[in-house]
Structure formats: C-alpha cells, structure tokens
Amino acid sequence: MDIEVYKTDVRTKEEASYLVKLLQFVISDCIMNFDTEGYHILKIETNREIKEMVYGVFKKQGFHCQKL
C-alpha cells in the first residue's frame, strides 16, 4: 500500500467528515483520514492510482486539493 497525501482547503471537522464519506463511496478500497490539526491534510492508503477521482470529488463539492 502507498500513502497519498493531499493539501486541501477544508476548514472544519464537518466538511472533512462529509468529504471522507463521499470519497469512501467512490473509492471504497482505501483507508483515508484528515489531519485533525486544521483539516488541511488528507492521507489516503491505496494500491492504485486515485488522484483524478479525489480531484473530481473535491471539485464537485466546491473544494480544492493538490497531491503533495
């Protein structure tokens, strides 16, 4: 498994929780969580390329993220 890290503009625990639920629906075979210090960093454990799916979910919900 690889760990992908994304910098995001998520600001609240509620936004982070909502996005994780959406991402888990779209990418069900990954383990993901937000850093609880500000919710700006999303970490996803995966064994495949998921960047475009992550970008799509964020963009559709009006958020921005960038893979680090």
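Student: Why is Met32 called buried?

Tutor: In this predicted model, Met32 has a relative accessible area of 7%. Buried means under 20%, so Met32 is buried. Met32 lies in strand β2.

Student: What touches Met32, leaving out residues up to four places away in sequence?

Tutor: Its contacts are Val20, Leu23, Gln24, Ile27, Leu42, Lys43 and Ile44. As for Lys21, which is 11 residues apart from Met32 along the chain, the two C-alpha atoms are separated by 9.7 Å.

Student: Okay, how do you know whether Glu4 is buried or exposed?

Tutor: Same test, other residue. The relative accessible area of Glu4 is 6%, and the cut-off for buried is under 20%, so Glu4 counts as buried. You'll find Glu4 in strand β1.

Student: Which residues does Glu4 touch, again not counting those up to four places away in sequence?

Tutor: Glu4 touches Leu42, Lys43, Ile44, Thr46, Arg48, Glu49, Ile50, Lys51 and Lys67. Lys59 is 55 residues apart from Glu4 along the chain, and their C-alpha atoms are separated by 18 Å.

Student: Lys67 is on that list. What makes Lys67 partly exposed?

Tutor: Its relative accessible area is 30%. Buried is under 20% and exposed is over 50%, with partly exposed in between, so Lys67 gets the middle label. Lys67 lies in strand β4, and it touches Glu4, Val5, Tyr6, Glu49, Lys51 and Tyr55, residues up to four places away in sequence not being counted. Between Lys67 and Asn47, 20 residues apart in sequence, the C-alpha to C-alpha distance is 16 Å.

Student: And why is Lys13 called exposed?

Tutor: Lys13 has a relative accessible area of 56%. Exposed needs over 50%, so the label fits Lys13. Lys13 is in helix α1. Its C-alpha atom and that of Phe34, 21 residues apart along the chain, are separated by 8.8 Å.

Student: Where is Tyr39, and what is its phi?

Tutor: Tyr39 is in the loop between β2 and β3. Its phi is positive, about 60°, although Tyr39 is not a glycine.

Student: Is that loop residue buried or exposed, and how do you know?

Tutor: Tyr39 has a relative accessible area of 16%. The limit is under 20%, so Tyr39 is buried.

Student: Let's do helix α2. Which of its residues are buried?

Tutor: Val54, Val57 and Phe58 are buried in α2, which covers residues 51–60.

Student: How do you know that those buried residues line one face of the helix?

Tutor: Look down the axis of α2: the buried residues fall within an arc of 95°, so they line one face. As background, an α-helix has 3.6 residues a turn, so residues three or four places apart point the same way.

Student: What sits on the other side of α2, and what covers the buried residues?

Tutor: On the other side, Glu52, Lys59 and Lys60 are exposed. The cover over the buried residues of α2 includes β1 (2–8), α1 (13–26), β2 (31–34), β3 (41–46) and β4 (65–67).

Student: What follows α2?

Tutor: Gly62 does, and its phi is positive, near 85°.

Student: Zooming out, which elements make up the chain, and in what order?

Tutor: The chain has two helices and four strands. From the N terminus they run β-α-β-β-α-β.

Student: What makes the chain as compact as a globular protein of its length?

Tutor: Its radius of gyration is 11 Å, and the globule rule gives 11 Å for 68 residues; the two are close, so the chain is as compact as a globular protein of that length. Along its principal axes, the C-alpha trace spans about 30 × 25 × 20 Å.

Student: How many of the 68 residues count as buried, as a percentage?

Tutor: The share is 32%. The chain exposes about 4500 Å², with carbon and sulfur atoms supplying 52% of that.

Student: What about contacts between residues at least 24 apart in sequence?

Tutor: They make up 66% of the contacts in the chain between residues at least 6 apart.

Student: And where do the charges stand, on average?

Tutor: There are 10 positive and 11 negative charges, and their mean positions are 4 Å apart.

Terms used:
Residues are numbered from 1 along each chain as its sequence is written. This is a predicted model: local features need pLDDT of at least 70, side-chain atom pairs count only at pLDDT 80 or more; totals for chains, interfaces and linings use all residues. Side-chain values use heavy atoms; hydrogens and water are left out. Buried means under 20% relative accessible area, exposed over 50%, partly exposed in between (1.4 Å probe, protein chains only). The arc is that of the directions from the helix axis to the C-beta atoms. Contact means heavy atoms within 4.5 Å. The radius of gyration is taken over C-alpha atoms; the globule rule is 2.2 Å times the number of residues to the power 0.38. Accessible areas come from the Shrake-Rupley method with a 1.4 Å probe; for residues, only the protein chains shown count as cover. Lys and Arg count as positive and Asp and Glu as negative; His and the chain ends are not counted. The place of a charge is taken as NZ of Lys, CZ of Arg, CG of Asp or CD of Glu.
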